[in-house]
Number of protein chains: 2
Amino acid sequence: MARRTKEEAQETREQIIDAAELVFHRKGVARSSLNDIAQQAGVTRGAIYWHFKNKQDVFAAMLERHRLPTEALSQRAEDPSESDPLGRFRDLLISVLQRTVRDPGHRRVFEILFYKCEFTDQTAPLMQRVQESYLDGGAKVRRTLGNAIERGQLPATLNLGRAVTQLHVQMTGLLYTWLLLPGSFDLDREAADFVDSYIATLRYCPTIAGEGAHTPPGGLDP
Amino acid sequence: MARRTKEEAQETREQIIDAAELVFHRKGVARSSLNDIAQQAGVTRGAIYWHFKNKQDVFAAMLERHRLPTEALSQRAEDPSESDPLGRFRDLLISVLQRTVRDPGHRRVFEILFYKCEFTDQTAPLMQRVQESYLDGGAKVRRTLGNAIERGQLPATLNLGRAVTQLHVQMTGLLYTWLLLPGSFDLDREAADFVDSYIATLRYCPTIAGEGAHTPPGGLDP
DNA sequence: GTATACATACATCCAAGAACGTATGTATAG
DNA sequence: CTATACATACGTTCTTGGATGTATGTATAC
């Protein structure tokens, strides 16, 4: 085998990333050798070194390929002209959760990120990428919740910072917990309930919604 | 150097675990060699192989040393004769969060578990250990919440299974998120607020507290 | 009390394999 | 013809597990 067309070369690159995803998921990133990935992809290490600098570069490419479709989703919710921003937001959150359950590739990448890779000084740029992803997401969420307040869907006294933090907590916690023990609850079926529970917290929990706003009759403190 | 007393040997063992904790945290578990750990501990690899079977055994010992004090804490809350089980429970949760912020060793172990180790088929027993830890914790929480219902501190209609899941989600999410971006919020100061927010959810959120119980005047659905 | 016998607690040394990065070969697309 | 898209071959570096050496603690016999 030798030189192929540009399209075929691009295909090879994708195959390598596919293979890396499978091998990383099976053996963990550290214990996966480039030879393992090459074998899984049906090429030799030479091909990998042609397309990528090293294993970390393959890993980064895998994350990048996964990040783009996810970020595209979040664009819809933060449109200021959307008349039901909270509804769009709710749909988005539910779809992320259900997609993780239903799409094996999506799920694999999350499992790799949570359980099958190590972030160290060596992989600092990757850690930064994940952190930026969190911060970017936080900014988007902040805008979306701001729109929801404008439309009267959330109390004006909402503690935005805490609402964003609590969203990260809830989504990260849900995915981490379910991926650890997929049998402990039915995430696909209960996704909407968990999201609605979060939204209810934004409206009625005094430490997030703001003191005095919409407090239920019984009071909230012990 | 040669044979030392039993006490000194035990000290050496602890030093090795201390060293492993530091090295694992600095380089990640996979990239840490037994030589790295030995150097950090001021011994040779021979000493490590005397006390432990291999690197994974060191890792397991590190987790074990960390698990015991944490489990001891949770015993207090689930005593049926406790008159304020929910209060004890609240104290426990807050202390776990604040301990993670304040105790560097505690924090290091969590950071290693979340970000600096890989769970694979190879390390299946460790993964199982973590899973069992979750399940055991869930059972304890279930008993504690049951006591709180007995005492009228939580609604009798409480969906216990979801309450336990939501607790795992909340605590795991909080620790994971804060350890990823310690600057994004002040966990030490806000720990009580987050815990109270969770408890409020148990009381007033219809998808967890049970339909119809304590629903605030505005209703909860969009 | 002390000599003996053995277990303990390491240090040192060695052989083997794995994985990496690079250098080089090669056939084909452009 | 030349750059491309790989395959192949090679040398080097780490790490591991175990084998071996050794000096001391400790229990027992006398």
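This is a walk through a predicted model, going from the single chain to the pair of chains and then to the packing of some helices.

Let us begin with how far the model can be trusted. Chain A has an average pLDDT of 89, and 93% of its residues reach a score of at least 70. One stretch of chain A calls for caution: across residues 214–222 the pLDDT stays under 50. The model still gives that stretch 21 contacts beyond four places in sequence, and you may want to keep the low score in mind when you look at them.

Next, the overall build of the chain. Chain A holds ten helices and zero strands. Read from the N terminus on, its elements therefore follow the order α-α-α-α-α-α-α-α-α-α, where every entry is a helix. The C-alpha trace of chain A spans about 75 × 40 × 35 Å along its principal axes.

Now bring in the second chain. A turn of 180 degrees, with a shift of 0.0 Å along the axis, lays chain B on chain A with an RMSD of 0.1 Å. This is the relation of a two-fold axis. What surface do the copies meet through? Of the interface residues of chain B, 98% are also interface residues in chain A, so the copies meet through the same surface.

With the pair in place, we can turn to individual helices. Two packed helices are described by the angle between their axes and the distance between the axes. A good place to start is chain A, with helix H7 (residues 124–150) and helix H8 (residues 160–180), whose axes come within 10 Å and cross at roughly 125 degrees. That angle makes H7(A) oblique to H8(A), and H7(A) passes H8(A) in a right-handed crossing. On the H7(A) side the contact is made by Tyr134(A), Gly138(A), Val141(A), Arg142(A) and Leu145(A). Facing them in H8(A) are Leu160(A), Gly161(A), Ala163(A), Val164(A), Leu167(A), His168(A) and Thr172(A). By class, the residues of this contact divide into seven nonpolar, four polar and one charged.

Chain B has its own H7 and H8 to look at. Here the axes of H7(B) (residues 124–150) and H8(B) come within 10 Å, with a crossing of roughly 125 degrees. H7(B) and H8(B) are therefore oblique to each other, and the crossing is right-handed. Among the residues in contact are Tyr134(B) and Arg142(B) from H7(B), and His168(B) and Thr172(B) from H8(B). The contact has seven nonpolar, four polar and one charged residues.

From H8(B) we can step on to H9(B). How do helix H8 (residues 160–180) and helix H9 (residues 187–204) of chain B pack? Their axes lie 11 Å apart, at an angle of about 160 degrees. H8(B) and H9(B) are therefore roughly antiparallel to each other, since this angle is over 145. H8(B) passes H9(B) in a right-handed crossing. From H8(B), Ala163(B), Gln166(B), Leu167(B), Gln170(B), Leu174(B), Leu175(B) and Trp178(B) take part, meeting Leu187(B), Phe194(B), Tyr198(B) and Leu202(B) in H9(B). Nine of the contact residues are nonpolar, two are polar and none is charged.

Terms used
Residues numbered from 1 in each chain as written. Chains lettered and ligands numbered in written order. Predicted model: local features only at pLDDT ≥ 70, side-chain atom pairs only at ≥ 80, totals over all residues. Heavy atoms only, no water. pLDDT = per-residue confidence, 0-100. Contact = heavy atoms within 4.5 Å. Least-squares fit on C-alpha atoms with pLDDT ≥ 70 in both. Axes fitted to C-alpha atoms, helices over the stretch in contact; angles between N-to-C directions. Helix = DSSP H or I, 4+ residues; strand = E, 2+ residues; numbered from the N terminus. Parallel < 35°, antiparallel > 145°, perpendicular 65-115°, else oblique. Left-handed = near helix turned anticlockwise from the far one by under 90°. Nonpolar A, V, L, I, M, F, W, Y, C, P; charged D, E, K, R; others polar.
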